[in-house]
Amino acid sequence: MRPPKKDGQATVVYFHVTVMGLDSIDETSMTYAADIFFAQTWKDNRLRLPENMTSEYRLLEVDWLKNMWRPDSFFKNAKSVTFQTMTIPNHYLWLYKDKTILYMVKLTLKLSCAMNFLIYPHDTQECKLQMESCEYM
């Protein structure tokens, strides 16, 4: 479960968030909901590729994540996170020939937002999606 360091360097993890929708804005609890696709990509040179891997990438069972290192990222201002499981769980895991891993999941987040109503009804709210790493806070 140690990060895949190459030449002693920290593992670089790339993130991508696609916001599918924002709704359920609640001024009383200062929260809102977001449906997102959340993707993380990293390279792990310790992985052994299957000998019969002829295509550029291979879709893996998500259970592989239980036995390999993965980023410890989280949403700092999330009050709750729901993994989408409509018909089947919406988790995807790809292994590329260069030993890059792409993990994508569909989430519904309930996020906090410090709203300011001092100039109501002429106010504008700015709500952020904050991500961090447990190890590098």
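What follows is a walk through a predicted model of one protein chain, from its overall build down to single residues.

At the level of secondary structure, the picture is quickly drawn: the protein chain has eight strands and zero helices. Read from the N terminus, the elements simply run β-β-β-β-β-β-β-β. The radius of gyration comes out at 18 Å, well over the 14 Å that the globule rule gives for 137 residues, so the chain is more spread out than a compact globule. Along the principal axes, the C-alpha trace spans about 65 × 40 × 20 Å. As for the surface, the chain exposes about 9800 Å², and 53% of that is supplied by carbon and sulfur atoms. Buried residues make up 28% of the 137 residues. Contacts across the sequence also stand out: among those with a separation of 6 or more, 72% are between residues 24 or more positions apart.

Next come the strand pairings, which run through β6. Strand β3, covering residues 57-60, pairs with β6 in the antiparallel sense over four bridges. Within that pairing, Tyr57 has Tyr96 of β6 as its bridge partner. Strand β6 also pairs with β7, again in the antiparallel sense, this time over five bridges. Here Leu93 is matched with Tyr103 in β7. The two strands β6 and β7 form a hairpin with three residues between them, and Lys99 in the turn has a positive phi of about 70 degrees.

What about the inside? In soluble globular proteins, nonpolar side chains tend to be buried together. In this model, the largest nonpolar core has 22 residues, and Ile36, Trp42, Ile101 and Leu107 are the ones that touch the most other members. Strands β2 (31-43), β6 (91-96) and β7 (100-112) each supply at least two residues of this core. The largest share, six residues, comes from β7. Ile36 gives a good idea of how such a residue sits among its neighbors. Leaving aside residues up to four places away in sequence, Ile36 touches Val17, Thr18, Val19 and Met20, along with Phe75, Val105, Lys106, Leu107 and Leu109.

One of those neighbors, Met20, is worth a look from the other side. Met20 lies in strand β1, which covers residues 14-26. With residues up to four places away in sequence again set aside, Met20 touches Asp35, Ile36 and Phe37. Leu49 is another matter: Met20 and Leu49 are 29 residues apart in sequence and 33 Å apart in space, C-alpha to C-alpha.

Charged side chains add another set of links, with a count of five salt bridges. One of them joins Lys43 and Asp98, whose closest N and O atoms are 4.0 Å apart. This pair links distant parts of the chain, with Lys43 in strand β2 and Asp98 in the loop between β6 and β7, 55 residues apart. Both ends are partly exposed: Lys43 has a relative accessible area of 38%, and Asp98 has one of 40%.

A second salt bridge brings together the side chains of Asp44 and Arg46, at 2.9 Å from N to O. The two ends of this pair fall into separate classes. Asp44 is buried, with a relative accessible area of 2%, whereas Arg46 is partly exposed at 48%.

Another salt bridge runs between Lys76 and Glu132, with the closest N and O atoms 3.3 Å apart. It also links distant parts of the chain: Lys76 sits in the loop between β4 (73-75) and β5 (78-83), while Glu132 is in strand β8 (residues 131-133), 56 residues apart. Glu132 counts as partly exposed, at 24% relative accessibility; the cut-off for buried is under 20%, so Glu132 does not fall in that class.

Finally, there is a residue out on the surface. Leu118 lies in the loop between β7 and β8. Is Leu118 buried or exposed? Its relative accessibility is 76%, and residues over 50% are classed as exposed, so Leu118 counts as exposed despite being a leucine. Leu118 and Gln9 are 109 residues apart in sequence and 47 Å apart in space, C-alpha to C-alpha.

Methods. Residues are numbered from 1 along each chain as its sequence is written. This is a predicted model: local features need pLDDT of at least 70, side-chain atom pairs count only at pLDDT 80 or more; totals for chains, interfaces and linings use all residues. Side-chain values use heavy atoms; hydrogens and water are left out. Contact means heavy atoms within 4.5 Å. A nonpolar core is a set of buried Ala, Val, Leu, Ile, Met, Phe, Trp, Tyr and Cys residues joined through side-chain atoms within 4.5 Å. Buried means under 20% relative accessible area, exposed over 50%, partly exposed in between (1.4 Å probe, protein chains only). Two strands pair if DSSP finds at least two bridges between them. The radius of gyration is taken over C-alpha atoms; the globule rule is 2.2 Å times the number of residues to the power 0.38. Accessible areas come from the Shrake-Rupley method with a 1.4 Å probe; for residues, only the protein chains shown count as cover.
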